[in-house]
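Visitor: I work at the bench and would like to get to know one part of this protein properly. Please choose a single part and take me through it closely, from its own residues out to its surroundings.

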Amino acid sequence: KTGRGSKFEKILLRREIQDQNCIAEKEGYEMDQQILESAADKYLQEDLENIADSNIPMEELKGSSILVTGATGLVGSQMVRALACINRKKNAGMKILALVRSPEKARGIFGDLLDRGDITLIVADLKDPLCVQENVDYIIHGAAVTTSRVMVSKPVETIRTAIDGTGNMLELALTKKVKGMVYLSSMEVYGTWDGSGVVTED
């Protein structure tokens, strides 16, 4: 096989996986209240419950469908857990759509939480057009290349993920007529910190 042929086959395989993982509309779900969001880490579980019990306004999110990209990443995975904890403690009825490239990695990160009923995995690569049949009310876009070694060795792929991936998410947001989209950026946008004062968005 040539390198070009192998790349083409990978694209076809990825499309096939996307087709298999198109999510059909669901009327609702039953959630197993006994499954915690981070049972193996009591300190993280405590933090998640503090978030759920906080005075952050959650009313607009009740019953909504929220798509989280980069769901196996550091920030994305905690976002999924936090939303799931709000679901359990506040009976919010949110549908959490966790977009991942590897379902095996997602299972390793979330464990039994994926069996609870309120989280659905969508297996896809952001660089390709997304197939999401489920209604989407909000998008939390946190997918990005974060490994320095990959950034250096594969700069084009890194840029494609950032630009094409975000472009595909914006197209999805437009198609789904979402109520809101949050794009999680990087601390690198603030430049080099001199160690004095608090860094602000200004």
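**A close look at helix 3**

Guide: R81 lies in helix 3, and that helix is the part I would like to show you. Please keep in mind throughout that this is a predicted model.

Let us stay with R81 for a moment. Is R81 buried or exposed? R81 counts as buried, because its relative accessibility is 9% and the cut-off for buried is under 20%. What does R81 touch, apart from its neighbours within four places in sequence? Its contacts are E37, S38, L44, L48, I109, F110 and L113. Another residue to look at from here is L36: 45 residues separate R81 and L36 along the chain, yet their C-alpha atoms are 9.2 Å apart.

Now step back to the whole helix. Helix 3 covers residues 74–90, which makes 17 residues. From the first C-alpha to the last, helix 3 reaches 24 Å, close to the 24 Å expected at 1.5 Å a residue. As you follow helix 3 on screen, you can tick off its buried residues: G76, S77, V80, R81, A82, L83, A84, C85, I86, N87 and R88. R81, where we began, is on that list.

What do these buried residues pack against? Among the helices, their partners are helix 2 (42–53) and helix 4 (103–110). Among the strands, they pack against strand 1 (65–69), strand 2 (95–100), strand 3 (119–123) and strand 4 (138–141).

To place these partners, it helps to see the whole chain. The protein has 6 helices and 5 strands, and along the sequence they follow the pattern α-α-β-α-β-α-β-β-α-α-β. Of its 202 residues, 37% count as buried. Among contacts with a separation of 6 or more, 75% are between residues 24 or more positions apart.

Next, the nonpolar core. The largest nonpolar core holds 27 residues, and the ones with the most contacts inside it are I66, V80, L83 and I119. Helix 2, strand 1, helix 3, strand 2, helix 4, strand 3 and strand 4 each supply at least two residues of this core. Which element gives the largest share of this core? Helix 3 does, with 6 residues. A second, separate core has 15 residues, including L99, L130, V136 and A143.

L83 deserves a closer look of its own. Setting aside its neighbours within four places in sequence, L83 is in contact with I66, V68, M94, I96 and I140. I66 is, like L83, one of the residues with the most contacts inside the largest nonpolar core.

L83 also leads us to a pocket. The second largest pocket has a volume of about 270 Å³. It is lined by 16 residues, and those closest to its centre are L61, M79, L83, I140 and V182. Helix 3, strand 4 and strand 5 (180–183) are the elements that give two or more residues to this lining. Helix 3 contributes the largest share, 4 residues. What classes of residue make up the lining? There are 15 nonpolar residues, 1 polar residue and no charged residues.

Finally, let us walk off the end of the helix. Just after helix 3, N91 takes a positive phi of about 50°, although N91 is not a glycine. N91 is found in the loop between helix 3 and strand 2. N91 counts as exposed, because its relative accessibility is 62%, where the cut-off is over 50%.

One other loop makes a good companion to N91. K177 is in the loop between helix 6 (155–176) and strand 5, and its phi is near 55°, a positive value in a residue other than glycine. K177 is exposed, with a relative accessible area of 69%.

So that is the tour: we started at R81, which is buried in helix 3, passed L83, one of the residues closest to the centre of the second largest pocket, and left the helix at N91, which is exposed.

Note on methods:
Residues numbered from 1 in each chain as written. Predicted model: local features only at pLDDT ≥ 70, side-chain atom pairs only at ≥ 80, totals over all residues. Heavy atoms only, no water. Expected span 1.5 Å × (residues − 1). Buried < 20%, exposed > 50% of the residue type's maximum accessible area, 1.4 Å probe, protein only. Contact = heavy atoms within 4.5 Å. 1 Å grid on protein atoms, 1.4 Å probe; cavity = no way out; pocket = protein on both sides within 12 Å on 5 of 7 lines; lining within 4 Å. Points joined across faces, edges and corners; volume = space filled by probe spheres on them. Nonpolar A, V, L, I, M, F, W, Y, C, P; charged D, E, K, R; others polar. Core = buried A, V, L, I, M, F, W, Y, C linked by side-chain atoms within 4.5 Å.
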